[in-house]
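Me: I am new to this structure and would like to learn how to read a few of its features, one at a time. Could you take me through them slowly?

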Amino acid sequence: MSSGRKGGSPSNCDASLGGGSARSTEEAGQCPPREGAEQNSLPGGRHTAPPEGDVTVSTKLAGLVARARKEDRLTNVMGFVDQDLLRLAFQSLRKEAAAGIDGQTWADYATNLDENLQELHRRLRTGQYRAPPVRRVYIPKASGGQRPLGITTMEDRVIQKAVAWVLGAVHEQDFCESSHGFRPGRSPHTALHRLREGMRQHRVRYVVEVDIVGCFDHVNRGWLQKFVQHRVNDGGLLRLLGKWLKAGVMEHGVVVRDEEGVPQGGPVSPILTNLYLHYVVDLWFERRLKPGCRGYAELTRYADDFVAVFEDREDAERFRREVEDRLGSFGLRVAPDKTGVVSFEGSALQGGGRPATKPGTFTFLGFVHYRRKTRRGTITVGRTPSKRTRERFLRRIALWLTANRHQRGWEQQGYLTRALLGYYQYFGLRLCGRHLSTVRYRVQRLWYHALRRRSQKAQRRCDWERLNTKPWFRLPAPRLTNTWV
């Protein structure tokens, strides 16, 4: 049941926005509606990423969604985490996912699924469930170094997935139009589309790139729990959240417990980080900074990656200064060398006898955005895959070919085909065809050199003319898969 209280003293979340007046929880937690927001964010209802839950999950949580729209604060959401939802959560997990500290795999847990889910639900209901430590592994980063990744146990993964669905159902109607990460019907492509359409329809002259250093690792847990409690005041869920945050990570047999951050790798981490940045960034921009801007201003965010575009330079400079202070107030900090104001308007494309100044470029979600002139003479926004993402993809291909150099040609073709089709699926936007062709050519060159390194005999037999006659040496042609973006 809802607490039913509106008004009264300012909530913690209301205070976090920087305001001093008392507001209802509904006003403090939700973004104001914007004219034309639906058209900008989801053209024709299309998206390239599947919703968080399937139709069955959406139907099961429809009652929770209806309550969340009517009530300011919910006090019994764990009742929706029943055995049926746990079963759906288990079925949605990847079967080949790595095991946690207990070594239990998806197949192991499925052996006695009914009994396992029944016992798991009983421990959840009685509060006897104990969150195990997360197994920490490291994966290479594109910029060098290693990124820590947490691998939870299968049982913990099931609970986190179900709780993530519940939290998503409660907060989905509260999230702003600027947010695109880990939401049903939204994807990086919807974020790119919204950004480009806004820049085409308005006179965007300045762009502010923001890079948060280790967002997942520096989330303030006290503020996170207050943000969750703002809409969900369920003691069972809050205690479960506390168990996850305090479970710690196991590395080389030693359990280490940090005082901040959310564990990376668990299904509940994305929704918690999204919720955190909703209050820290999205609401602050919509309610505090944007109303004071002189011209057009808009924010586009996907998870912890976001950019803001402005018409007025002073607005851009003010955002650059204040966003660093804003994030610092909640335990986050920006990378100074990767955060700054980009002048996106130059006279090089305008003509008119003025000194030519080249407009700047910025990178967002793997694409470099730049100004270009169309055949009709109009100025628009172009995009191309960034050099960093191209080289990272090609480096992964080269490493695989080195490790699998002696596989049969058809087996190698199968892997390379799947890799290229996945690359086309993400980077196949309009105007990107030439770059996709370059990537395909370089993949084929890497394959050619890998085949020639098999042996001295292979060097004599593997030449371009002979290989091009082989059916297994063919790779899929580039194709634009998301021309609507």
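Me: Let me begin with a single residue: in which strand is the place of Thr 384?

Reply: Please keep in mind throughout that this is a predicted model. In this model, Thr 384 belongs to strand β11, which covers residues 379-385.

Me: Is Thr 384 buried or exposed?

Reply: The label rests on relative accessibility, and a residue under 20% is called buried. Thr 384 has a relative accessibility of 11%, and therefore it counts as buried. Leaving aside residues up to four places away in sequence, Thr 384 touches Gly 366, Phe 367, Val 368, Tyr 370, Arg 390, Cys 432 and His 435.

Me: Now to strands as a group: what is the order of the strands in the open sheet of 4 strands?

Reply: In general, the strands of a sheet pair through backbone hydrogen bonds, and the pairing may be parallel or antiparallel. Here the open sheet of 4 strands runs in the order β2-β1-β4-β5, and its pairing is mixed. At its edges are β2 (146-151) and β5 (254-256), each of which pairs on one side only. On average, and with direction ignored, neighbouring strands of this sheet are turned by 45° against each other.

Me: How many bridges join strand β4 to β5?

Reply: Strand β4, residues 249-251, is joined to β5 by 3 bridges, and these two strands run antiparallel. To follow one of them by eye, start at Glu 251, whose bridge partner in β5 is Val 254.

Me: I would also like to read the empty space inside: how many cavities of 30 Å³ or more are there?

Reply: The general idea is to roll a probe the size of a water molecule over the atoms, which shows where empty space is left. In this model the count comes to 2 cavities of 30 Å³ or more. The largest cavity holds about 50 Å³ of space, and its lining is made up of Val 163, Leu 167, Val 228, Leu 237, Leu 241, Trp 244, Val 268 and Leu 272. The elements giving two or more residues to that lining are α9 (154-171) and α12 (235-246), with the largest share, 3 residues, coming from α12.

Me: And which residues line the second largest cavity?

Reply: Ala 131, Pro 132, Val 134, Thr 152, Asp 156, Gln 160, Trp 244, Ala 247 and Pro 263 line the second largest cavity, where about 30 Å³ of space lies. Its lining divides into 6 nonpolar, 2 polar and 1 charged residues, whereas the lining of the largest cavity has 8 nonpolar residues, no polar and no charged.

Methods. Residues are numbered from 1 along each chain as its sequence is written. This is a predicted model: local features need pLDDT of at least 70, side-chain atom pairs count only at pLDDT 80 or more; totals for chains, interfaces and linings use all residues. Side-chain values use heavy atoms; hydrogens and water are left out. On a 1 Å grid over the protein atoms alone, a cavity is a set of points where a 1.4 Å probe fits but cannot get out, and a pocket is an open set with protein on both sides within 12 Å along at least five of seven lines; lining residues have an atom within 4 Å of a point. Grid points are joined across faces, edges and corners, and a volume is the space filled by probe spheres set on the points. Ala, Val, Leu, Ile, Met, Phe, Trp, Tyr, Cys and Pro count as nonpolar, Asp, Glu, Lys and Arg as charged, and the others, Gly among them, as polar. Two strands pair if DSSP finds at least two bridges between them. Axes are lines fitted to C-alpha atoms, for helices over the stretch in contact, and angles run from 0 to 180 degrees between N-to-C directions. Buried means under 20% relative accessible area, exposed over 50%, partly exposed in between (1.4 Å probe, protein chains only). Contact means heavy atoms within 4.5 Å.
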